[in-house]
Amino acid sequence: MKRLFTFNVGQIAQIGLLKDLLEKSFIPCVTRNEYLSIASGEIPFTECYPELWILNDEDYPRAKEILDGWVAPQLGALGSWIWAHCE
């Protein structure tokens, strides 16, 4: 079992989307720490971040490809705009 991705607090909704995408690609995976944010303060907040784990090590490379394809369009969209008053 390998950890694929650790989500920050602002990405909690996205963990379900990525998990669903992987499962539709027949890659078994589980989430961990999804509800642990309640304990933040009692334990270090970095230990409370939700994580997505791939159950079979041999599925990891394909899962990483899917993750990279899923994240890349989101990152590209962030840097492609220019505010009209800055031109």
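Here a trainee and a mentor talk through a predicted model of one chain.

Trainee: Before we start, what does the model count, and from where are residues numbered?

Mentor: It's a predicted model, so local features need pLDDT of at least 70 and side-chain atom pairs count only at pLDDT 80 or more, while totals for chains, interfaces and linings use all residues. Side-chain values use heavy atoms, with hydrogens and water left out, and residues are numbered along each chain as its sequence is written, from 1.

Trainee: Okay, which pattern do the helices and strands follow along the sequence?

Mentor: Helices (H or I, at least four residues) and strands (E, at least two) are DSSP runs, numbered from the N terminus. The chain has 2 helices and 3 strands. Read along the sequence, they give β-α-β-β-α.

Trainee: In what order do the strands sit in the sheet?

Mentor: Strands pair if DSSP finds at least two bridges between them. β1 pairs with β3 (residues 51–54) over 4 bridges, and 4 bridges also join β2 to β3. The sheet is open and antiparallel, in the order β1-β3-β2.

Trainee: Why is one side of β1 and of β2 left without a neighbour in the sheet?

Mentor: Look at where β1 (2–6) and β2 (29–32) stand. Each has a single partner strand, so one side is left free of a sheet neighbour because both strands stand at the edges.

Trainee: Which residue of β3 stands opposite both K2 and C29?

Mentor: Take the β1 side, where K2 has its opposite number in β3. Now do that for C29, and you land on a residue of β3 again. In both cases the answer is I54.

Trainee: And is β3 covered on its faces or open?

Mentor: Buried means under 20% relative accessible area, exposed over 50% and partly exposed in between, using a 1.4 Å probe and protein chains only. On one side E51 and W53 are buried, and on the other L52 and I54 are too. So far as the faces of β3 go, both are covered.

Trainee: How far from the ring centre of W53 is the charged end of R32?

Mentor: A charge sits over a ring if NZ of Lys or CZ of Arg is within 6 Å of the ring centre and within 35 degrees of the ring normal. K2 does this with Y60, 5.1 Å from the ring centre. W53, the bridge partner of R3, has the charged end of R32 over its ring at 4.7 Å.

Trainee: What kind of aromatic pair do F5 and F7 form?

Mentor: Rings of Phe, Tyr and Trp (its six-membered ring) pair if their centres lie within 6.5 Å; planes under 30 degrees apart are stacked, over 60 edge-to-face, the rest tilted. F5 is partly exposed at 22%, whereas F7 is buried at 0%. Their centres are 4.6 Å apart with 75° between the planes, which makes the pair edge-to-face.

Trainee: One last thing: what is the phi of F26?

Mentor: Most residues other than glycine have a negative phi. F26 is found in the loop between α1 (12–24) and β2, and at 74% relative accessibility F26 counts as exposed. F26 isn't a glycine, yet its phi is positive, about 65°.
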